[in-house]
Amino acid sequence: MLLVPCPWCGPRPENEFRHAGEAGIARPADPALVDDAAWAAFLHARTNPKGAHAERWRHVHGCGRFFDAARDTVSDRFAGSWRPEERAGR
C-alpha cells in the first residue's frame with residue numbers, strides 16, 4: 001500500500017486521500033477579464049510529466065486539509081509534503 005505523507009497527520013494509507021491535481025496552478029486574479037482560451041487553459045492544461053512532480057492532495061478521511069506533495073510519477077514515491085502556506089519556500 002502507498003503511504004501518503006500528510007504534513008499534519010504523518011504517513012497514512014492512500015485510501016484516506018484524494019488527488020486534487022497539479023500544485024501551484026494560479027487562479028486568474030479577475031476571471032471575468034480572461035478570454036475563453038485562457039480560461040480553458042487554466043481549467044484543463046497540465047504538465048503531466050514523467051518523473052518528479054508537485055501535486056495537490058486532500059486528506060479526506062483524516063484532517064480534511066489540502067496540502068502539496070512532491071511525487072515521482074514513475075515510481076509513485078513521495079519525496080515530501082508541505083502545507084500550502086509553506087509554498088513560498090519551494
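## A linked trio

Which residues are linked with Arg71 in a network of salt bridges? They are Glu55 and Asp76. Keep in mind that this is a predicted model. A search of the whole structure turns up four salt bridges, and the ones described here include those of this network.

Some background helps: side chains of opposite charge can pair when their charged atoms come close.

## Inside the network

Start with Glu55 and Arg71, whose side chains form a salt bridge at 2.7 Å, N to O. This pair ties together distant parts of the chain, since Glu55 sits in strand 4 (residues 52-58) and Arg71 in strand 5 (residues 66-72), 16 residues apart. Glu55 is buried, at 2% relative accessible area. Arg71 counts as buried too, with 14% relative accessibility.

Arg71 also has a salt bridge with Asp76, and here the closest N and O atoms are 2.3 Å apart. Asp76 is partly exposed, with a relative accessibility of 32%.

## Another bridge between the strands

Now for Arg56 and Asp68: they make a salt bridge as well, with 2.5 Å between the closest N and O atoms. Once again distant parts of the chain get linked, with Arg56 in strand 4, Asp68 in strand 5, and their positions twelve residues apart.

How buried or exposed are these two partners? Arg56 is partly exposed, at 25% relative accessible area. Asp68, on the other hand, has 0% relative accessibility, so it counts as buried, the cut-off being under 20%.

Key
Residues numbered from 1 in each chain as written. Predicted model: local features only at pLDDT ≥ 70, side-chain atom pairs only at ≥ 80, totals over all residues. Heavy atoms only, no water. Helix = DSSP H or I, 4+ residues; strand = E, 2+ residues; numbered from the N terminus. Buried < 20%, exposed > 50% of the residue type's maximum accessible area, 1.4 Å probe, protein only.
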